[in-house]
Amino acid sequence: RFGARSTLAVLLVAVFGVGAAAAAARTPVPDSLAAGLTGPDGRTLVAHGFNTASSSKTVADGLPDFTEDDLDAEHADMGTSFVRYLISWRKVEPSPGVYDQDYLDDVAERVRWYDERGYSVMLDMHQDLWGVGITPDGQVGNGAPVWATYMDGLPVEPQPQWELYYLQPGVIRAFDNFWNTTGEHPELMDHYAGAWRAVAERFADTDAVVAYDLMNEPYGGSVQGVAFESGPLTELYQRSVDAIREVDQDSWACLEPQALGFNWGLPSALGHVDDPREGDPRIAFCPHIYPLPMDLGDGFSGTSRDLVEGTVASWRDNVLRTSHELGDVPVILGEFGLDTTLPGALDYVDLMYDTAGELGFGVTYWSRDPGGWGPYEADGTPRNLIGAVDRAYPVAVAGTARSWSWEDGVFTLVTEPDASASAPTELYLPDSIGDDVHVEGAEILEWDAASRILQLEAPAGESEITVVVSAG
Ligand SMILES: CN(C)c1ccc(C(=O)NC[C@H]2N[C@H](CO)[C@@H](O)[C@@H]2O)cc1
């Protein structure tokens, strides 16, 4: 059971866990930390939804195996209102400087599905292991187009675990050429920023598209850590934001740290990215978390649970630190997930949603795909995850959303109301709270037990209020 990966896990967390424990008390949540993204009507949007979907990664049309009926089921079962929707550079720019509007039309059709149901969309320029071109079958990597894949003849040998492909010479070289570490391909990062410009130009006037996740789980190839994040990664983000702002002034740009390390509780050295838009910057920080000890085989139980909790504590402090360094920007936990058949799995899911609510982070679970990590079986049968994701949360807040909690059937929201907001605060309340609700700290404008949406009006003249909602 203790393979190389697990041994690494224990070493990392032992070093880290001790470090976290020895460190001063938990990093306090700065008052200035913005929670949630400002939506088109000025309210604060809190992401609650899924990654949709891994099934799109290597298929020819780049579209997820996902229908409107699937979305209706998700909305009815869990009240989600946000999606991290996977798109790919290979489909946006199938040849250098040529942008595929038919693909963007296909994406726009699915954005319409979400829009018609009141969802907000974050488009995720997804990659894993660089792109489909790293292996002849095109089934291992995803993201980058073949024309941008320069492995310079270096090998990519089959690996027993997908993550190990990141250590293959050909994959490292593909990334080194993209980041121009080799000095051979200064053009590729500009092509990437140009692809984002094309996407933003297509969706700039689509209010439902509120954010762009600039690169999924960036990897520096032969350059790692501080040199990568503070160097080429920050540079790529700056070029992409500048390109997006040529055509879209209002969508948020979501920045991810390098996955290697940060996903496991290590810190980030991501540098500041300027936003040239008029008014407040719209830059967010969108990390992932995948505690290595979870792979020890004991899930979230016993020693593994202790180690995972140590990872989450370190991760929490690292997120707050980087959010502050980026300008106290809002945070969306873009990915977390696990095999929900593992011992204690749903306790871990609760821990992550509780942590996110305490800190004012949005969450998109990995992933919407059917099977052992997701909410449904392949035949659509609901899975245990549904009960853990179907929880109360603030859908949109007329003001700032500082923190929230959902515990023992009671929902609590701490918010700084904005009386000038164009629409009221809206909460989602799961069936488990019942059809009648009791509210303290605000007035009920409307309660729709069918849609599970509660609209509230804050008392006038209060700088910060605490709203408590319980069964009526
Ligand atoms: C060695 N490197 C660079 C590495 C290792 C492991 C992951 C990972 O597990 N990622 C977690 C999940 N995220 C992707 C989709 O974004 C999923 O395929 C992974 O399960 C990422 C990078």
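## A walk through the model

Start by selecting Ala-392, which sits in the loop between α11 (385-389) and β11 (393-397). Keep in mind as you go that this is a predicted model. Ala-392 counts as buried because its relative accessibility is 2%, under the 20% cut-off. Show its surroundings and, leaving aside neighbours within four places in sequence, you will find contacts with Trp-406, Phe-411, Tyr-428, Leu-429 and Pro-430. Now add His-48: it is 344 residues from Ala-392 in sequence, yet their C-alpha atoms are 10.0 Å apart in space.

**Next stop: the ligand.** Select the ligand and the 15 residues around it; Lys-57, His-126, Asn-216, Glu-217 and Glu-335 come nearest. Two side chains to check against ligand oxygen atoms are Lys-57, with a polar atom at 3.2 Å, and His-126, with one at 3.3 Å. For a nitrogen atom of the ligand, look at Glu-217, whose polar side-chain atom lies 2.9 Å away. The ligand taken alone exposes 520 Å², and the protein buries 90% of that.

**Then the salt bridges.** The whole structure holds 30 of them. Pick Arg-43 and Glu-426 to begin with: their side chains meet at 3.7 Å, N to O. This pair links distant parts of the chain, with Arg-43 in the loop between β1 (37-38) and β2 (44-45) and Glu-426 in strand β14 (residues 425-428), 383 residues apart. Both residues are buried.

Move to helix α4 (residues 101-116), where Glu-116 and Arg-112 are four residues apart, so about one helical turn separates them. Their side chains form a salt bridge at 3.0 Å, N to O. Glu-116 is exposed at 53% relative accessibility, while Arg-112 is partly exposed at 37%.

Now select Glu-358 and Arg-316, whose closest N and O atoms are 2.8 Å apart in a salt bridge. Glu-358 belongs to helix α10 (residues 345-359) and Arg-316 to helix α9 (residues 302-325), so this pair ties together parts 42 residues apart in sequence. Glu-358 is partly exposed at 36%, whereas Arg-316 is buried at 4%. For a network, highlight Arg-84, Asp-124, Asp-213, Glu-256 and Glu-335, joined by salt bridges that share partners.

**Last stop: Asp-176.** Find this residue in helix α5 (residues 169-178). Which side chain of opposite charge is nearest to Asp-176? That is Arg-173, 5.0 Å away, and the buried Asp-176 has no salt bridge. Turn instead to Ser-222, whose side chain makes a polar contact with that of Asp-176 at 2.7 Å. Other residues that Asp-176 touches include Thr-181, Thr-182 and Val-223.

Definitions and conventions:
Residues are numbered from 1 along each chain as its sequence is written. This is a predicted model: local features need pLDDT of at least 70, side-chain atom pairs count only at pLDDT 80 or more; totals for chains, interfaces and linings use all residues. Side-chain values use heavy atoms; hydrogens and water are left out. Helices (H or I, at least four residues) and strands (E, at least two) are DSSP runs, numbered from the N terminus. Buried means under 20% relative accessible area, exposed over 50%, partly exposed in between (1.4 Å probe, protein chains only). Lys and Arg count as positive and Asp and Glu as negative; His and the chain ends are not counted. A salt bridge is a side-chain nitrogen of Lys or Arg within 4 Å of a carboxyl oxygen of Asp or Glu. A polar contact is a pair of N or O atoms within 3.5 Å; within protein, one must be able to donate a hydrogen and the other to accept it, and residues adjacent in sequence count only if both atoms are side-chain atoms. Contact means heavy atoms within 4.5 Å. A residue is near a molecule or strand if one of its heavy atoms lies within 4 Å of it. Accessible areas come from the Shrake-Rupley method with a 1.4 Å probe; for residues, only the protein chains shown count as cover.
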